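Here's a quick briefing to read alongside the model. It covers the cysteines, then the main pocket, then a couple of individual residues.

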Amino acid sequence: MNLVDYSSSIWSVVPALLALLLAIITRRVIFSLSIGIIVGAIMLAGGNVVDAFIHLKNSVFSLVYKEEGINANNVNIILFLLLLGILTALLSISGSNKAFADWAQQHIKGKRGAKLMAAALVFFTFIDDYFHSLAVGAIARPVTDKFKVSRAKLAYILDSTAAPMCVLMPISSWGAYIITLIAGLLATYGITGYSPLGAFMAMSAMNFYAIFSMILVFAVAYFSINIGSMERFEQLAENTSTPEDEIPVSSKEKGSVLNLILPIITLIIATISMMMYTGNQALAADGKPFDVLGAFENTTVGISLVVGGLSALVVATVLIVLGRKVSINDYIKSYAIGSKSMLGAITILFFAWTINGIVSDMQTGKYLSSLVAGNINPAFLPVILFTLGAAMAFSTGTSWGTFGIMLPIAAAMAANAEPALLLPCLSAVMAGAVCGDHCSPISDTTILSSTGAQCNHMDHVTSQLPYAITVAVASAVGYLVLGFTTSALLAFATTAAVLLVLIVVFRSKAIKA
(Lines give C-alpha, C1' and ligand atoms only; values in the text may rest on other atoms or scores of the structure.)
Protein backbone atom coordinates (compact mmCIF):
# COMPACT_ATOMS: atom_id res chain seq x y z
CA MET A 1 0.00 0.00 0.00
CA ASN A 2 1.38 3.41 -1.01
CA LEU A 3 0.92 6.06 1.67
CA VAL A 4 0.12 9.67 0.84
CA ASP A 5 3.16 11.92 1.33
CA TYR A 6 2.48 14.75 3.78
CA SER A 7 6.14 15.62 4.47
CA SER A 8 5.77 19.12 3.00
CA SER A 9 2.20 19.81 4.05
CA ILE A 10 0.69 21.40 7.14
CA TRP A 11 -1.88 18.58 7.01
CA SER A 12 0.80 16.33 8.52
CA VAL A 13 0.12 17.82 11.98
CA VAL A 14 -3.65 17.17 11.90
CA PRO A 15 -3.83 13.69 13.55
CA ALA A 16 -1.48 14.58 16.41
CA LEU A 17 -3.02 18.01 16.95
CA LEU A 18 -6.54 16.60 16.86
CA ALA A 19 -5.72 13.92 19.44
CA LEU A 20 -3.98 16.40 21.73
CA LEU A 21 -6.75 18.99 21.60
CA LEU A 22 -9.48 16.39 22.16
CA ALA A 23 -7.57 14.93 25.12
CA ILE A 24 -7.32 18.34 26.76
CA ILE A 25 -10.94 19.30 26.00
CA THR A 26 -12.69 15.99 26.75
CA ARG A 27 -10.17 14.54 29.26
CA ARG A 28 -10.90 11.15 27.64
CA VAL A 29 -7.47 9.93 26.57
CA ILE A 30 -8.39 6.68 24.81
CA PHE A 31 -11.24 8.31 22.87
CA SER A 32 -9.03 11.22 21.80
CA LEU A 33 -6.15 9.01 20.70
CA SER A 34 -8.58 6.76 18.82
CA ILE A 35 -9.93 9.71 16.82
CA GLY A 36 -6.41 10.89 15.98
CA ILE A 37 -5.38 7.38 14.92
CA ILE A 38 -8.44 6.79 12.72
CA VAL A 39 -8.22 10.21 11.05
CA GLY A 40 -4.48 9.73 10.42
CA ALA A 41 -4.96 6.27 8.94
CA ILE A 42 -7.69 7.51 6.58
CA MET A 43 -5.55 10.47 5.50
CA LEU A 44 -2.56 8.20 4.84
CA ALA A 45 -4.78 5.91 2.74
CA GLY A 46 -6.03 8.84 0.68
CA GLY A 47 -9.57 8.42 1.98
CA ASN A 48 -9.81 4.69 1.22
CA VAL A 49 -11.36 3.19 4.38
CA VAL A 50 -10.38 -0.40 3.54
CA ASP A 51 -6.73 0.53 2.97
CA ALA A 52 -6.83 2.62 6.15
CA PHE A 53 -8.07 -0.40 8.13
CA ILE A 54 -5.34 -2.63 6.66
CA HIS A 55 -2.62 -0.09 7.42
CA LEU A 56 -3.93 0.40 10.96
CA LYS A 57 -4.09 -3.38 11.52
CA ASN A 58 -0.49 -3.76 10.39
CA SER A 59 0.63 -0.85 12.57
CA VAL A 60 -1.01 -2.27 15.70
CA PHE A 61 0.30 -5.77 14.99
CA SER A 62 3.83 -4.40 14.58
CA LEU A 63 3.74 -3.09 18.14
CA VAL A 64 4.10 -6.69 19.27
CA TYR A 65 5.50 -8.55 16.26
CA LYS A 66 7.52 -7.31 13.29
CA GLU A 67 8.89 -9.07 10.21
CA GLU A 68 12.18 -9.73 12.01
CA GLY A 69 10.38 -11.20 15.04
CA ILE A 70 8.89 -10.10 18.35
CA ASN A 71 9.04 -6.37 19.06
CA ALA A 72 11.17 -6.97 22.13
CA ASN A 73 11.33 -3.36 23.30
CA ASN A 74 7.56 -2.88 23.56
CA VAL A 75 6.93 -6.36 24.95
CA ASN A 76 9.59 -5.90 27.63
CA ILE A 77 8.16 -2.54 28.69
CA ILE A 78 4.72 -4.16 29.09
CA LEU A 79 6.25 -7.03 31.08
CA PHE A 80 8.07 -4.59 33.33
CA LEU A 81 4.83 -2.70 34.01
CA LEU A 82 3.09 -5.95 34.97
CA LEU A 83 6.02 -7.04 37.16
CA LEU A 84 6.08 -3.70 38.97
CA GLY A 85 2.32 -3.84 39.50
CA ILE A 86 2.63 -7.30 41.03
CA LEU A 87 5.60 -6.21 43.15
CA THR A 88 3.65 -3.21 44.46
CA ALA A 89 0.69 -5.46 45.34
CA LEU A 90 2.99 -7.90 47.15
CA LEU A 91 4.58 -5.09 49.15
CA SER A 92 1.09 -3.89 50.06
CA ILE A 93 -0.32 -7.29 51.05
CA SER A 94 2.74 -8.08 53.19
CA GLY A 95 2.34 -4.81 55.06
CA SER A 96 5.71 -3.50 53.85
CA ASN A 97 4.26 -0.35 52.25
CA LYS A 98 2.42 0.53 55.45
CA ALA A 99 5.52 -0.20 57.54
CA PHE A 100 7.61 2.09 55.35
CA ALA A 101 4.97 4.82 55.57
CA ASP A 102 4.87 4.47 59.38
CA TRP A 103 8.67 4.60 59.52
CA ALA A 104 8.69 7.66 57.28
CA GLN A 105 6.13 9.38 59.47
CA GLN A 106 8.54 9.08 62.39
CA HIS A 107 11.60 10.26 60.44
CA ILE A 108 10.10 12.59 57.82
CA LYS A 109 8.50 15.63 59.34
CA GLY A 110 5.49 16.68 57.34
CA LYS A 111 4.47 17.06 53.69
CA ARG A 112 7.59 19.02 52.81
CA GLY A 113 9.86 16.15 53.80
CA ALA A 114 7.75 13.62 51.90
CA LYS A 115 7.88 15.68 48.71
CA LEU A 116 11.61 16.35 49.04
CA MET A 117 12.24 12.63 49.57
CA ALA A 118 10.31 11.78 46.39
CA ALA A 119 12.30 14.37 44.43
CA ALA A 120 15.68 13.38 45.89
CA LEU A 121 15.28 9.71 44.93
CA VAL A 122 16.13 10.69 41.34
CA PHE A 123 19.80 10.82 42.36
CA PHE A 124 19.62 7.03 42.76
CA THR A 125 17.37 6.16 39.80
CA PHE A 126 18.52 8.46 36.99
CA ILE A 127 19.71 5.60 34.77
CA ASP A 128 16.42 5.56 32.83
CA ASP A 129 13.22 7.62 32.85
CA TYR A 130 10.85 4.62 32.72
CA PHE A 131 12.67 2.98 35.60
CA HIS A 132 12.67 6.19 37.63
CA SER A 133 8.97 7.01 37.25
CA LEU A 134 7.77 3.53 38.17
CA ALA A 135 10.32 2.62 40.86
CA VAL A 136 10.22 5.94 42.70
CA GLY A 137 6.43 5.98 42.43
CA ALA A 138 6.28 2.61 44.19
CA ILE A 139 8.65 3.78 46.94
CA ALA A 140 7.30 7.28 47.52
CA ARG A 141 3.55 6.76 47.10
CA PRO A 142 2.89 5.23 50.55
CA VAL A 143 4.79 8.11 52.17
CA THR A 144 3.17 10.94 50.19
CA ASP A 145 -0.23 9.33 50.79
CA LYS A 146 0.47 9.26 54.51
CA PHE A 147 1.20 12.99 54.53
CA LYS A 148 -1.73 13.82 52.24
CA VAL A 149 0.32 14.90 49.24
CA SER A 150 -1.90 14.69 46.16
CA ARG A 151 -1.20 12.05 43.56
CA ALA A 152 -1.10 14.87 40.99
CA LYS A 153 1.75 16.53 42.90
CA LEU A 154 3.61 13.20 43.14
CA ALA A 155 3.15 12.62 39.39
CA TYR A 156 4.55 16.09 38.72
CA ILE A 157 7.57 15.35 40.92
CA LEU A 158 8.18 12.03 39.15
CA ASP A 159 7.82 13.48 35.65
CA SER A 160 9.94 16.56 36.35
CA THR A 161 12.79 14.49 37.75
CA ALA A 162 12.70 11.78 35.08
CA ALA A 163 13.62 13.07 31.60
CA PRO A 164 15.14 16.34 32.91
CA MET A 165 17.64 14.40 35.05
CA CYS A 166 18.28 11.63 32.52
CA VAL A 167 19.06 14.12 29.74
CA LEU A 168 21.70 15.83 31.91
CA MET A 169 23.53 12.67 32.98
CA PRO A 170 26.10 11.06 30.66
CA ILE A 171 25.72 7.76 32.54
CA SER A 172 22.10 7.13 31.61
CA SER A 173 20.26 5.60 28.68
CA TRP A 174 19.47 9.13 27.45
CA GLY A 175 22.99 10.48 27.87
CA ALA A 176 24.55 7.57 26.02
CA TYR A 177 22.13 7.96 23.10
CA ILE A 178 22.78 11.70 22.79
CA ILE A 179 26.55 11.30 23.05
CA THR A 180 26.38 8.86 20.15
CA LEU A 181 24.51 11.41 18.03
CA ILE A 182 26.95 14.18 19.02
CA ALA A 183 29.96 12.06 18.09
CA GLY A 184 28.62 11.70 14.56
CA LEU A 185 27.91 15.42 14.24
CA LEU A 186 31.37 16.42 15.48
CA ALA A 187 32.94 14.08 12.94
CA THR A 188 30.70 15.37 10.14
CA TYR A 189 31.72 18.99 10.68
CA GLY A 190 35.35 18.26 11.55
CA ILE A 191 35.12 19.72 15.06
CA THR A 192 38.07 18.60 17.18
CA GLY A 193 37.91 21.14 20.02
CA TYR A 194 35.50 18.91 21.97
CA SER A 195 35.29 15.21 22.63
CA PRO A 196 31.74 13.83 22.38
CA LEU A 197 31.56 13.60 26.18
CA GLY A 198 33.02 17.10 26.60
CA ALA A 199 30.50 18.52 24.12
CA PHE A 200 27.67 16.74 25.95
CA MET A 201 28.70 18.22 29.29
CA ALA A 202 28.97 21.71 27.77
CA MET A 203 25.52 21.29 26.22
CA SER A 204 24.07 20.05 29.50
CA ALA A 205 25.21 23.27 31.19
CA MET A 206 23.14 25.17 28.61
CA ASN A 207 20.09 22.88 28.82
CA PHE A 208 18.10 25.51 30.67
CA TYR A 209 14.77 23.70 30.57
CA ALA A 210 16.10 20.50 32.17
CA ILE A 211 18.16 22.33 34.80
CA PHE A 212 15.41 24.72 35.88
CA SER A 213 12.73 22.03 35.79
CA MET A 214 14.80 20.20 38.40
CA ILE A 215 15.34 23.36 40.43
CA LEU A 216 11.64 24.19 40.29
CA VAL A 217 10.68 20.71 41.51
CA PHE A 218 12.67 21.16 44.70
CA ALA A 219 11.36 24.71 45.11
CA VAL A 220 7.78 23.46 44.69
CA ALA A 221 8.41 20.68 47.20
CA TYR A 222 10.00 22.99 49.77
CA PHE A 223 7.84 26.10 49.43
CA SER A 224 4.57 24.35 48.44
CA ILE A 225 4.17 26.36 45.25
CA ASN A 226 0.80 25.42 43.76
CA ILE A 227 -0.06 26.80 40.33
CA GLY A 228 -3.31 26.33 38.45
CA SER A 229 -5.30 23.16 39.16
CA MET A 230 -2.57 21.80 41.45
CA GLU A 231 -4.03 23.92 44.26
CA ARG A 232 -7.36 22.11 43.92
CA PHE A 233 -5.75 18.66 43.90
CA GLU A 234 -3.68 19.51 46.99
CA GLN A 235 -6.75 20.75 48.87
CA LEU A 236 -8.69 17.65 47.85
CA ALA A 237 -5.90 15.39 49.15
CA GLU A 238 -5.71 17.37 52.40
CA ASN A 239 -9.44 16.90 53.01
CA THR A 240 -9.54 13.23 52.00
CA SER A 241 -9.02 10.66 54.73
CA THR A 242 -8.07 7.81 52.38
CA PRO A 243 -5.65 7.58 49.44
CA GLU A 244 -7.11 8.60 46.10
CA ASP A 245 -6.55 5.40 44.17
CA GLU A 246 -4.79 2.80 46.29
CA ILE A 247 -4.30 -0.73 44.97
CA PRO A 248 -7.11 -2.71 46.64
CA VAL A 249 -4.87 -5.06 48.60
CA SER A 250 -4.58 -4.78 52.35
CA SER A 251 -2.75 -6.60 55.08
CA LYS A 252 -3.67 -7.14 58.70
CA GLU A 253 -0.10 -8.17 59.40
CA LYS A 254 2.60 -5.88 60.69
CA GLY A 255 5.08 -5.56 57.85
CA SER A 256 8.77 -4.83 57.81
CA VAL A 257 10.53 -1.84 56.26
CA LEU A 258 13.36 -4.16 55.28
CA ASN A 259 10.91 -6.20 53.20
CA LEU A 260 10.34 -3.11 51.03
CA ILE A 261 13.91 -1.84 50.94
CA LEU A 262 15.53 -5.12 49.89
CA PRO A 263 13.33 -5.72 46.79
CA ILE A 264 13.78 -2.09 45.69
CA ILE A 265 17.56 -2.25 46.13
CA THR A 266 17.52 -5.53 44.21
CA LEU A 267 15.49 -3.85 41.46
CA ILE A 268 18.06 -1.04 41.13
CA ILE A 269 21.17 -3.24 41.31
CA ALA A 270 19.82 -5.96 38.99
CA THR A 271 18.66 -3.41 36.41
CA ILE A 272 21.98 -1.53 36.36
CA SER A 273 23.95 -4.79 36.25
CA MET A 274 21.87 -6.09 33.33
CA MET A 275 22.29 -2.79 31.49
CA MET A 276 26.05 -3.13 31.90
CA TYR A 277 25.93 -6.78 30.80
CA THR A 278 23.84 -6.23 27.66
CA GLY A 279 25.92 -3.16 26.78
CA ASN A 280 29.14 -5.12 27.19
CA GLN A 281 27.77 -7.94 25.03
CA ALA A 282 27.11 -5.45 22.24
CA LEU A 283 30.58 -3.93 22.62
CA ALA A 284 32.21 -7.35 22.54
CA ALA A 285 30.28 -8.26 19.39
CA ASP A 286 31.84 -5.22 17.72
CA GLY A 287 35.30 -6.07 19.05
CA LYS A 288 35.36 -3.10 21.43
CA PRO A 289 36.65 -3.10 25.02
CA PHE A 290 34.30 -2.50 27.93
CA ASP A 291 33.70 0.99 29.27
CA VAL A 292 30.76 2.36 31.25
CA LEU A 293 29.65 5.00 28.73
CA GLY A 294 29.99 2.51 25.90
CA ALA A 295 27.89 0.00 27.81
CA PHE A 296 25.10 2.55 28.42
CA GLU A 297 25.27 3.56 24.78
CA ASN A 298 24.71 -0.01 23.59
CA THR A 299 22.55 -1.39 26.39
CA THR A 300 19.17 -3.04 25.91
CA VAL A 301 16.95 -1.16 28.34
CA GLY A 302 13.80 -3.31 27.99
CA ILE A 303 15.32 -6.67 28.93
CA SER A 304 17.33 -4.99 31.70
CA LEU A 305 14.13 -3.67 33.26
CA VAL A 306 12.47 -7.09 33.04
CA VAL A 307 15.43 -8.83 34.71
CA GLY A 308 15.43 -6.16 37.42
CA GLY A 309 11.68 -6.58 37.96
CA LEU A 310 11.89 -10.38 38.10
CA SER A 311 14.81 -10.22 40.56
CA ALA A 312 12.91 -7.86 42.84
CA LEU A 313 9.82 -10.07 42.64
CA VAL A 314 11.85 -13.15 43.62
CA VAL A 315 13.38 -11.34 46.62
CA ALA A 316 9.96 -10.06 47.72
CA THR A 317 8.56 -13.60 47.46
CA VAL A 318 11.41 -15.11 49.47
CA LEU A 319 10.92 -12.52 52.22
CA ILE A 320 7.18 -13.23 52.29
CA VAL A 321 7.82 -16.98 52.56
CA LEU A 322 10.34 -16.50 55.35
CA GLY A 323 7.97 -14.18 57.21
CA ARG A 324 5.06 -16.64 56.86
CA LYS A 325 2.55 -13.80 57.16
CA VAL A 326 0.78 -14.05 53.79
CA SER A 327 -1.49 -16.93 52.81
CA ILE A 328 -1.06 -18.67 49.47
CA ASN A 329 -4.48 -17.42 48.36
CA ASP A 330 -3.58 -13.80 49.14
CA TYR A 331 -0.21 -14.22 47.44
CA ILE A 332 -1.85 -15.51 44.24
CA LYS A 333 -4.55 -12.83 44.50
CA SER A 334 -1.87 -10.11 44.54
CA TYR A 335 -0.68 -11.21 41.08
CA ALA A 336 -4.13 -10.66 39.61
CA ILE A 337 -4.70 -7.36 41.40
CA GLY A 338 -1.20 -6.05 40.64
CA SER A 339 -1.53 -6.89 36.95
CA LYS A 340 -5.00 -5.37 36.80
CA SER A 341 -3.71 -2.12 38.33
CA MET A 342 -1.45 -1.66 35.30
CA LEU A 343 -4.01 -2.38 32.57
CA GLY A 344 -5.04 1.26 32.26
CA ALA A 345 -1.46 2.39 31.71
CA ILE A 346 -0.78 -0.44 29.26
CA THR A 347 -3.90 0.45 27.25
CA ILE A 348 -2.90 4.12 27.03
CA LEU A 349 0.64 3.11 26.04
CA PHE A 350 -0.63 0.94 23.18
CA PHE A 351 -2.76 3.79 21.86
CA ALA A 352 0.13 6.26 22.30
CA TRP A 353 2.52 3.94 20.44
CA THR A 354 -0.06 3.56 17.66
CA ILE A 355 -0.55 7.28 17.14
CA ASN A 356 3.22 7.77 17.30
CA GLY A 357 3.45 5.36 14.36
CA ILE A 358 0.75 7.29 12.50
CA VAL A 359 2.57 10.58 13.19
CA SER A 360 5.78 9.03 11.91
CA ASP A 361 4.05 7.88 8.71
CA MET A 362 2.55 11.36 8.30
CA GLN A 363 6.15 12.67 8.50
CA THR A 364 5.07 15.35 10.95
CA GLY A 365 8.62 15.71 12.24
CA LYS A 366 10.00 16.29 8.76
CA TYR A 367 7.42 18.99 8.06
CA LEU A 368 8.05 20.78 11.36
CA SER A 369 11.81 20.65 10.84
CA SER A 370 11.38 22.29 7.42
CA LEU A 371 9.92 25.37 9.09
CA VAL A 372 13.39 26.53 10.16
CA ALA A 373 14.54 26.92 6.58
CA GLY A 374 14.99 30.39 5.11
CA ASN A 375 16.82 33.59 5.93
CA ILE A 376 17.02 33.77 9.72
CA ASN A 377 19.23 35.98 11.88
CA PRO A 378 21.62 33.45 13.50
CA ALA A 379 21.04 35.07 16.91
CA PHE A 380 17.46 33.81 16.84
CA LEU A 381 18.46 30.22 16.07
CA PRO A 382 18.64 28.92 19.69
CA VAL A 383 15.19 30.17 20.67
CA ILE A 384 13.68 29.06 17.34
CA LEU A 385 15.17 25.58 17.66
CA PHE A 386 14.03 25.36 21.30
CA THR A 387 10.46 26.24 20.29
CA LEU A 388 10.43 23.93 17.29
CA GLY A 389 11.95 21.05 19.29
CA ALA A 390 9.26 21.50 21.94
CA ALA A 391 6.49 21.55 19.30
CA MET A 392 7.85 18.43 17.63
CA ALA A 393 8.24 16.45 20.86
CA PHE A 394 4.81 17.59 22.06
CA SER A 395 3.09 16.47 18.87
CA THR A 396 5.02 13.22 18.44
CA GLY A 397 5.34 12.31 22.12
CA THR A 398 9.02 11.41 21.82
CA SER A 399 12.19 13.20 22.89
CA TRP A 400 14.47 10.62 21.29
CA GLY A 401 12.79 10.95 17.90
CA THR A 402 13.11 14.72 18.15
CA PHE A 403 16.81 14.39 19.00
CA GLY A 404 17.36 12.18 15.97
CA ILE A 405 15.60 14.57 13.58
CA MET A 406 16.48 17.97 14.98
CA LEU A 407 20.10 17.66 16.18
CA PRO A 408 21.51 17.13 12.65
CA ILE A 409 19.37 20.02 11.35
CA ALA A 410 20.49 22.30 14.17
CA ALA A 411 24.14 21.38 13.60
CA ALA A 412 23.89 22.10 9.86
CA MET A 413 22.20 25.46 10.38
CA ALA A 414 24.66 26.60 13.05
CA ALA A 415 27.72 25.38 11.12
CA ASN A 416 26.65 27.32 8.04
CA ALA A 417 25.32 30.45 9.75
CA GLU A 418 27.39 30.94 12.94
CA PRO A 419 29.77 28.14 14.09
CA ALA A 420 30.06 29.71 17.55
CA LEU A 421 26.40 28.86 18.11
CA LEU A 422 26.79 25.14 17.34
CA LEU A 423 26.66 23.87 20.93
CA PRO A 424 24.04 26.43 22.03
CA CYS A 425 21.80 25.34 19.15
CA LEU A 426 22.25 21.66 19.98
CA SER A 427 21.50 22.45 23.65
CA ALA A 428 18.34 24.30 22.62
CA VAL A 429 17.13 21.25 20.70
CA MET A 430 17.78 18.99 23.71
CA ALA A 431 15.92 21.38 26.00
CA GLY A 432 13.00 21.79 23.61
CA ALA A 433 12.67 18.04 23.14
CA VAL A 434 12.49 17.46 26.89
CA CYS A 435 10.01 20.34 27.27
CA GLY A 436 7.65 18.98 24.60
CA ASP A 437 7.95 15.45 25.95
CA HIS A 438 7.25 16.77 29.44
CA CYS A 439 4.02 18.48 28.33
CA SER A 440 2.70 15.86 25.91
CA PRO A 441 -0.14 13.58 27.07
CA ILE A 442 1.00 10.94 24.55
CA SER A 443 4.58 10.81 25.86
CA ASP A 444 5.68 7.48 27.37
CA THR A 445 7.32 9.27 30.29
CA THR A 446 4.19 11.31 31.02
CA ILE A 447 2.05 8.17 30.94
CA LEU A 448 4.39 6.21 33.18
CA SER A 449 4.67 9.08 35.67
CA SER A 450 0.87 8.99 35.99
CA THR A 451 1.15 5.24 36.47
CA GLY A 452 3.90 5.48 39.06
CA ALA A 453 1.84 7.96 41.09
CA GLN A 454 -1.43 6.04 40.46
CA CYS A 455 -2.87 9.37 39.27
CA ASN A 456 -5.52 10.02 36.63
CA HIS A 457 -3.54 10.67 33.47
CA MET A 458 -5.24 13.88 32.37
CA ASP A 459 -5.19 15.21 35.95
CA HIS A 460 -1.42 14.84 35.78
CA VAL A 461 -1.14 16.45 32.34
CA THR A 462 -3.28 19.49 33.15
CA SER A 463 -1.81 20.08 36.63
CA GLN A 464 1.77 19.79 35.38
CA LEU A 465 1.33 22.01 32.33
CA PRO A 466 1.48 25.39 34.15
CA TYR A 467 4.82 24.46 35.74
CA ALA A 468 6.24 23.23 32.44
CA ILE A 469 5.09 26.33 30.55
CA THR A 470 6.57 28.59 33.23
CA VAL A 471 9.99 26.98 32.85
CA ALA A 472 9.62 26.97 29.05
CA VAL A 473 8.96 30.73 28.94
CA ALA A 474 11.97 31.44 31.16
CA SER A 475 14.13 29.09 29.04
CA ALA A 476 13.02 30.74 25.80
CA VAL A 477 14.14 34.13 27.14
CA GLY A 478 17.44 32.54 28.15
CA TYR A 479 18.02 31.14 24.67
CA LEU A 480 17.22 34.52 23.17
CA VAL A 481 19.95 36.06 25.35
CA LEU A 482 22.30 33.17 24.53
CA GLY A 483 21.82 33.72 20.80
CA PHE A 484 22.60 37.42 20.93
CA THR A 485 25.44 37.33 23.49
CA THR A 486 26.84 33.76 23.18
CA SER A 487 27.35 34.04 26.96
CA ALA A 488 26.07 30.89 28.67
CA LEU A 489 26.51 32.47 32.11
CA LEU A 490 24.45 35.55 31.26
CA ALA A 491 21.77 33.41 29.62
CA PHE A 492 21.65 31.13 32.67
CA ALA A 493 21.29 34.12 35.02
CA THR A 494 18.55 35.60 32.81
CA THR A 495 16.62 32.34 32.80
CA ALA A 496 16.87 32.15 36.60
CA ALA A 497 15.71 35.76 36.98
CA VAL A 498 12.73 35.36 34.65
CA LEU A 499 11.69 32.12 36.35
CA LEU A 500 11.91 33.76 39.78
CA VAL A 501 9.77 36.70 38.63
CA LEU A 502 7.14 34.36 37.15
CA ILE A 503 6.98 32.28 40.34
CA VAL A 504 6.63 35.41 42.51
CA VAL A 505 3.80 36.62 40.27
CA PHE A 506 2.02 33.26 40.45
CA ARG A 507 2.48 33.09 44.22
CA SER A 508 1.10 36.60 44.74
CA LYS A 509 -1.96 35.81 42.59
CA ALA A 510 -2.55 32.59 44.54
CA ILE A 511 -2.39 34.46 47.86
CA LYS A 512 -4.84 37.13 46.65
CA ALA A 513 -7.21 34.45 45.42
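Before anything else, keep in mind that this is a predicted model. A search through the whole structure turns up zero disulfides. Where there's a pocket to look at, the largest one holds about 980 Å³ of space, and 37 residues line it.

**Cysteines**
- Why is Cys435 not bonded to Cys439? A disulfide needs the two sulfur atoms within 2.5 Å, and the sulfur of Cys435 sits 4.4 Å from the one in Cys439, its closest cysteine sulfur, so that's too far for a bond.
- Cys435 counts as buried, at 5% relative accessibility.
- Cys455 has no bond either, because its closest cysteine sulfur, again in Cys439, is 16 Å away.
- Cys455 is also buried, with a relative accessible area of 10%.

**The largest pocket**
- With about 980 Å³ to work with, you may want to know what sits around the middle: the lining residues closest to the centre are Trp353, Asn356, Thr398, Gly401 and Asp444.
- Which helix gives the largest share of the lining? That's helix 18, with seven residues; this helix spans 343-362.
- Several other helices chip in at least two lining residues each, including helix 3 (49-62), helix 4 (72-93), helix 7 (129-146) and helix 10 (173-188).
- Further along the chain, helix 19 (364-370), helix 21 (399-417) and helix 23 (444-453) also supply at least two residues each.
- Sorted by class, the lining comes out as 21 polar, nine nonpolar and seven charged residues.

**Thr144**
- Thr144 belongs to helix 7, one of the helices that supply at least two residues of the pocket lining.
- Is Thr144 buried or exposed? It's buried, because its relative accessible area is 1%, against a cut-off of under 20%.
- Leaving out residues up to four places away in sequence, Thr144 touches Ala114, Val149 and Leu154.

**Val318**
- You'll find Val318 in helix 16, which covers residues 301-323.
- Val318 is partly exposed, with a relative accessible area of 43%; that label fits because the value falls between the 20% and 50% cut-offs.
- How far apart in space are Val318 and Asn259? Their C-alpha atoms are 9.7 Å apart, while 59 residues separate the two in sequence.

Notes: Residues are numbered from 1 along each chain as its sequence is written. This is a predicted model: local features need pLDDT of at least 70, side-chain atom pairs count only at pLDDT 80 or more; totals for chains, interfaces and linings use all residues. Side-chain values use heavy atoms; hydrogens and water are left out. Buried means under 20% relative accessible area, exposed over 50%, partly exposed in between (1.4 Å probe, protein chains only). On a 1 Å grid over the protein atoms alone, a cavity is a set of points where a 1.4 Å probe fits but cannot get out, and a pocket is an open set with protein on both sides within 12 Å along at least five of seven lines; lining residues have an atom within 4 Å of a point. Grid points are joined across faces, edges and corners, and a volume is the space filled by probe spheres set on the points. Helices (H or I, at least four residues) and strands (E, at least two) are DSSP runs, numbered from the N terminus. Ala, Val, Leu, Ile, Met, Phe, Trp, Tyr, Cys and Pro count as nonpolar, Asp, Glu, Lys and Arg as charged, and the others, Gly among them, as polar. Contact means heavy atoms within 4.5 Å.
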